[in-house]
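I opened this model to look up its strands, its helices and its pocket. My notes follow in the order I took them.

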Amino acid sequence: MFKLIIGLTEKRQRVLEIIDRLGIANIEQIVSLTGSKKTTAYYAVQELKKNGLVVEFKNIRQAVFLITKAGSEFIGELNFGFSRDNKAPNFAIFRHSMLVNESMIFYKEHLKEASFETERELLVNEVSDSGQDRRELKNLPDFVIDTEETRQAVEVELTRKTPARIKKKLLNYKKLIEAGQYTHIVYLYQSLNVRRLVAKCAAEVGIEVTFGNLDEMLGGSENV
């Protein structure tokens, strides 16, 4: 009944589903992931915003759209908003989220047979399996790439963490690889200092890590 009252078309529901999976996205990212025309995506988000299913946040360079709890519950898969109060994210969270989205789009374009799980989807699956409160869950990948032969956990690491924190995360990944949950770990970085630290910690922990340079991958994307 809720769907009939709102009257979303199939294309607009598809846009909502993508925003729900990501949590936050801009128009260009929505277009890339839905295959919609830009005008279709624009009118879709305006309709979704009018009905309280997404909220719009504008920074200096662009507008982004955040899923609300109502919007997520409308889809019925994840059932939680990007934030509790629908407020705009701080710059660090915004920048990280945009780069995660851009990275996923990059792999989608280069790995035609791959499928993807976002952190929001992983979070809900983990809660379902473990029964934990989702606010207590940490150390989930930013997204996962599934192919016929591999399941790769991807981390977008923008800031230097303490060696102890990096090792703790890598040790957790090592256990998950040994348990068969993942086959590879991928770290995407911008700073060489971050890469060097992760590589050093990985060697000490005894885990193989694949690295990717975000600037080279994304070519200084204007979406970030």
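**Strand β5.** I started with the side chains of strand β5, residues 143-146, in this predicted model. Phe143 and Ile145 point one way. Val144 and Asp146 point the other way. I checked burial next: all four of these residues are buried. Side chains in a regular strand alternate between the two faces of the sheet.

**Partners of β5.** Which strands pair with β5? I found β4, residues 115-118, paired with β5 in the antiparallel sense over 4 bridges. Within that pairing, Phe116 has Ile145 as its bridge partner. I then looked at β6, which covers residues 151-157. It also runs antiparallel to β5, and 4 bridges join the two. Here I noted Val144 with its bridge partner Ala153. The connection from β5 to β6 is a hairpin through 4 residues.

**The sheet of β1, β2 and β3.** I moved to an open sheet of 3 strands. What is the order of its strands? I read β1-β3-β2, with antiparallel pairing. The edge strands are β1 (24-26) and β2 (54-58), and each pairs on one side only. Neighbouring strands in this sheet are turned by 30° against each other on average, direction ignored. I followed β2 to β3, residues 63-67, and counted 5 bridges between these antiparallel strands. One pair I wrote down is Val55 with Leu66 in β3.

**Helices across that sheet.** I looked up two helices here. Helix α2, residues 10-22, lies across β1, β2 and β3. Its direction is at about 80° to β3. Helix α3, residues 27-34, lies across β1 and β3. I noted an angle of about 95° between α3 and β1.

**Largest pocket.** How much space lies in the largest pocket? I got about 1,400 Å³. The lining has 41 residues. Closest to the pocket centre are Ile93, His96, Ser97, Glu119 and Asp142. Next I asked which elements supply the lining. At least two residues each come from α2, α6 (91-110), α7 (119-130), β6 and α8 (163-178). Helix α6 gives the most, with 9 residues. So helix α2, which lies across β1, β2 and β3, also turns up in this lining. Strand β6, joined to β5 by the hairpin, is in the lining too. I sorted the lining by class: 16 residues are nonpolar, 10 are polar and 15 are charged.

**Two asparagines with positive phi.** Last, I checked backbone angles. Asn79 has phi near 65°, a positive value in a residue other than glycine. Asn86 is not a glycine either, and its phi is positive at about 60°. Where do they sit in the chain? Asn79 lies in the loop between α5 (69-75) and α6. Asn86 is also found in the loop between α5 and α6. Are they buried or partly exposed? I used the range from 20% to 50% relative accessible area for partly exposed. Asn79 has 35% relative accessibility, so it counts as partly exposed. Asn86 is at 31%, so I entered it as partly exposed as well.

Conventions: Residues are numbered from 1 along each chain as its sequence is written. This is a predicted model: local features need pLDDT of at least 70, side-chain atom pairs count only at pLDDT 80 or more; totals for chains, interfaces and linings use all residues. Side-chain values use heavy atoms; hydrogens and water are left out. Two strands pair if DSSP finds at least two bridges between them. Axes are lines fitted to C-alpha atoms, for helices over the stretch in contact, and angles run from 0 to 180 degrees between N-to-C directions. Contact means heavy atoms within 4.5 Å. On a 1 Å grid over the protein atoms alone, a cavity is a set of points where a 1.4 Å probe fits but cannot get out, and a pocket is an open set with protein on both sides within 12 Å along at least five of seven lines; lining residues have an atom within 4 Å of a point. Grid points are joined across faces, edges and corners, and a volume is the space filled by probe spheres set on the points. Ala, Val, Leu, Ile, Met, Phe, Trp, Tyr, Cys and Pro count as nonpolar, Asp, Glu, Lys and Arg as charged, and the others, Gly among them, as polar. Buried means under 20% relative accessible area, exposed over 50%, partly exposed in between (1.4 Å probe, protein chains only).
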